[in-house]
Amino acid sequence: MALTYTELVALVRDWSNKDSTVLSDARIKDCLRYAADKAYRKLRVLPLENTITYNSASLLAATVASSNLVPSKTELTIPSDLIEFIQIREIDANGQPTRVFNEKTDLRTFNDWTSNKYNYSAFWTRKGNSILLSPGFDSSNGATKIELHYYRRLSALDALYNVTPANYSAGLLDTSSQGATGAVQLFFSEVNGVTTAYATQAEATAAGGTQTNGYFVGKLAFNWLRDENERVILMGSLAEAFAYLQDDSQAQKYLAMFIAEIDELNAEDNQRSASGGNIQ
């Protein structure tokens, strides 16, 4: 059964066998955050994979045309939750690849048009918070999007769902009182017995029908580490907690258990990925 964030804090306290005068809730929350940060450095499993796409309009706007012997290039902003790249590919309207950017160069090689590259039709590099692709995006070959597949950081362990009409419809919100922390007002229109939520009063009014409103807060958002692999985050936070308490032997014990949990998850994911056929 998934734990709430408050229950997770209490679990760390129980395992540490320390009361709040020695290890406060605030320090435990710090330890949970530090443990999650370390877990993302090592975990490479399916639940951390994510895909985003850049559409044609944004790609064309981000593309610099070729000049003389210098090929065109496209500069894209890296998503803020990215940990590690998996694949960059260009796709057409049917989702079929038109190019896969298999060659990654260092920045100097990318910018030096005289340097050798094994695939001049698709290479890339990273510059700060940007991805540079060359040759740049060109819709004339049928491409409509560029797809970035990567490993990501998850949201914070105590993150709440945003108060939006879509999340209201999905049952991810709780009712609240005006002025409560995080409370956001939604507006409703009932037409022919069907109630629809809107973000603004103007939208609800335009829909007609009976008008109502209410205040809501988001429920605790799903988090794979907290909800399905609490042992990882528990061992990591205990390692951090005992480091804070300057108990080196306990810190090392829980750090070893933390690393072992991550290694087991990575090995399990690798085995799952390799099963069902021959891997080339």
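**How helix α2 meets its neighbours**

α2 and α8 are oblique to each other, because their axes cross at roughly 120° and angles between 115 and 145 degrees fall outside the perpendicular and antiparallel classes. This is a predicted model. The two axes come within 8 Å. The crossing of α2 and α8 is right-handed.

Look at the residues that meet here. From α2 come R27, C31, L32, Y34, A35, A36, K38 and A39. From α8 come V232, I233, G236, S237, E240, A241 and Y244. Sort them by class, and the contact of α2 with α8 has ten nonpolar, two polar and three charged residues.

Now turn to α9. Helix α2 spans residues 25-42, and helix α9 spans residues 248-274. They pack at an angle of about 40°, with axes 10 Å apart. That angle makes α2 oblique to α9. α2 passes α9 in a right-handed crossing. On the α2 side, the contact is made by A35, K38, A39 and K42. On the α9 side, F258, I262 and N266 take part. The residues of this contact of α2 with α9 divide into four nonpolar, one polar and two charged.

Next comes α1. The axes of α1 and α2 cross at roughly 100° and come within 10 Å. Why is α1 called roughly perpendicular to α2? The angle is roughly 100°, and angles of 65 to 115 degrees count as roughly perpendicular, so the pair gets that name. Y5, L8, V9, V12 and R13 of α1 make the contact with D25, I28, K29 and L32 of α2. By class, the contact of α1 with α2 has six nonpolar, no polar and three charged residues.

What lies inside? The largest nonpolar core has 35 residues. Which of them touch the most other members? They are L32, L43, L48, W224, L225 and I233. Several helices supply this core. Those giving two or more residues are α1 (5-16), α2, α7 (224-228), α8 (230-244) and α9. Of these, α8 gives the most, with eight residues.

Follow L43 for a moment. Set aside its neighbours within four places in sequence, and L43 is in contact with L48, W224, L225, I262, L265 and N266. Two of these names, I262 and N266, also appear on the α9 side of the contact with α2.

Apart from the largest core lies another core. This one has 17 residues, among them Y54, A122, W124 and I146.

Finally, compare two single residues. E228 is found in helix α7. Is E228 buried or exposed? E228 has a relative accessible area of 53%, and over 50% counts as exposed, so that is its label. Beyond its neighbours within four places in sequence, E228 is in contact with F222 and N223. E228 and H149 are 79 residues apart in sequence. In space they are 23 Å apart, C-alpha to C-alpha.

N167 lies in helix α5, residues 165-169. N167 is buried, because its relative accessible area is 17% and buried means under 20%. Not counting residues up to four places away in sequence, N167 touches Y161, N162, L172 and L173.

Conventions:
Residues numbered from 1 in each chain as written. Predicted model: local features only at pLDDT ≥ 70, side-chain atom pairs only at ≥ 80, totals over all residues. Heavy atoms only, no water. Axes fitted to C-alpha atoms, helices over the stretch in contact; angles between N-to-C directions. Helix = DSSP H or I, 4+ residues; strand = E, 2+ residues; numbered from the N terminus. Parallel < 35°, antiparallel > 145°, perpendicular 65-115°, else oblique. Left-handed = near helix turned anticlockwise from the far one by under 90°. Contact = heavy atoms within 4.5 Å. Nonpolar A, V, L, I, M, F, W, Y, C, P; charged D, E, K, R; others polar. Core = buried A, V, L, I, M, F, W, Y, C linked by side-chain atoms within 4.5 Å. Buried < 20%, exposed > 50% of the residue type's maximum accessible area, 1.4 Å probe, protein only.
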